[in-house]
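Here is my note on the model, point by point. Please keep the structure open while you read.

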Amino acid sequence: MMASNRYRFLLPGRRVDAPAPLRATLRELFGEMVDAVEVIEYSWFARVHLRAIATTRRRRIYLRGAAAPFFDDPVFVLHEYFHVLAQWEPRRLSVWKYLVELFRRGYWDNRFEIEAREFAEDHRHRYCALLARHRAATTSRHA
Ligand SMILES: [Zn+2]
C-alpha cells in the first residue's frame, strides 16, 4: 500500500540513490569513495538530532526530509559529502570529537562545520559546471 506524502514521516527512512550525473560529478571532486556513501531520506536518526536537517556518519547521510530537494542544492550536497568523505572517512571526525567541538565552540564555529562550509562555498561553481556537463552527457546518451 502506498502511503501519501502527508504521512510519509511515520514510515522508516529509506535509502535513495543519488542521480547518476550527480554521482559522476562528486566522483570528480571526492574520488571513487562517493559510491560507498548511502543517502537515507525521511530518517528517524536525523529527526532525533533536534534542529538538524541532515546528520552524517561514516558513509551515511541521514536526511530529515526528502532526498530530491537535497540533491538539488549544490552547497548542501557538497557540505554533507565533505563531512562524510573528508572528515568521517579518514576518521578525523568522530561522534566524540564532534561533541567536544560542539561543546567548546557551538554549532556555527566548530571546526568541522567551518571546514565543510568553506569547502562547499569554494567548490560550488566547479561542481555546478561539472554537473551541467554530466547532465548534458546523460541526456544525449539517452536521446
Ligand atoms: Zn555540517
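How many salt bridges does the count come to? The count comes to 12 salt bridges. Keep in mind that this is a predicted model. The points below begin with charged pairs, then turn to the metal site, the rings and the backbone.

1. Start with Arg-14 and Glu-41. Their side chains meet in a salt bridge, at 2.5 Å from N to O. Arg-14 belongs to strand E1 (residues 14–16) and Glu-41 to strand E2 (residues 38–41), so the pair ties together parts that are 27 residues apart in sequence. The two partners sit in unlike surroundings: Arg-14 is partly exposed, with a relative accessible area of 41%, whereas Glu-41 is buried, at 7%.

2. Next, take Asp-35 and Arg-23. The closest N and O atoms of this salt bridge are 3.6 Å apart. Asp-35 is in the loop between H1 and E2, Arg-23 is in helix H1, and the pair links distant parts of the chain, 12 residues apart. Asp-35 counts as partly exposed, at 40% relative accessibility. Arg-23 is partly exposed too, with a relative accessible area of 27%.

3. Now look within one helix. Arg-124 and Glu-121 form a salt bridge, with the closest N and O atoms 3.2 Å apart. Both lie in helix H6, 3 residues apart, which means about one helical turn separates them. Arg-124 counts as partly exposed at 34% relative accessibility, and Glu-121 does at 42%. Elsewhere, Arg-15, Asp-17, Glu-38 and Arg-60 are joined into one network by salt bridges that share partners.

4. Which residues coordinate the zinc ion? They are His-79 and His-83, each through NE2, and Glu-113, which is listed twice through OE. The distances run from 2.1 to 2.7 Å. Along the chain, the donors follow the spacing H-x3-H-x29-E. His-79 lies in helix H4 (residues 74–88) and Glu-113 in helix H6 (residues 111–142), so the pair ties together parts that are 34 residues apart in sequence.

5. Check the geometry of that site. The angles among the 4 donor atoms run from 52 to 144°, and the site is irregular. A tetrahedral label would need all angles between 85 and 135 degrees. Is His-79 buried or exposed? His-79 counts as buried, at 10% relative accessibility. Glu-113 is buried as well, at 4%.

6. Turn to the rings. A search of the whole structure finds 5 aromatic pairs. In one of them, the rings of Phe-30 and Phe-119 have centres 5.3 Å apart and planes at 35°, so the pair is tilted. Phe-30 is in helix H1 (residues 20–30) and Phe-119 in helix H6, so this pair ties together parts that are 89 residues apart in sequence. Both residues are buried. Phe-30 and Phe-119 also form one aromatic cluster with Phe-82.

7. Compare Tyr-98 and Phe-112. Their ring centres are 6.1 Å apart and their planes meet at 25°, so this pair is stacked. Both are buried. One more ring deserves a look: the charged end of Arg-117 sits over the ring of Trp-108, 3.5 Å from its centre.

8. Finally, inspect two backbone angles. Most residues other than glycine have a negative phi. Arg-59 has a positive phi, near 60°. Arg-59 lies in the loop between strand E3 (54–57) and strand E4 (60–63). Arg-91 has a positive phi of about 60°, and lies in the loop between H4 and H5. Arg-59 is partly exposed, at 29%, while Arg-91 counts as exposed, at 55%.

Notes:
Residues numbered from 1 in each chain as written. Predicted model: local features only at pLDDT ≥ 70, side-chain atom pairs only at ≥ 80, totals over all residues. Heavy atoms only, no water. Donors = N, O, S within 2.8 Å, 3.2 Å for Na, K, Ca; no water. Tetrahedral: all angles 85-135°; square planar, octahedral: opposite > 155°, others 65-115°. Helix = DSSP H or I, 4+ residues; strand = E, 2+ residues; numbered from the N terminus. Buried < 20%, exposed > 50% of the residue type's maximum accessible area, 1.4 Å probe, protein only. Phe/Tyr/Trp six-rings, centres within 6.5 Å; stacked < 30°, edge-to-face > 60°. Lys NZ or Arg CZ within 6 Å of the ring centre and 35° of its normal. Salt bridge = Lys/Arg side-chain N within 4 Å of Asp/Glu carboxyl O.
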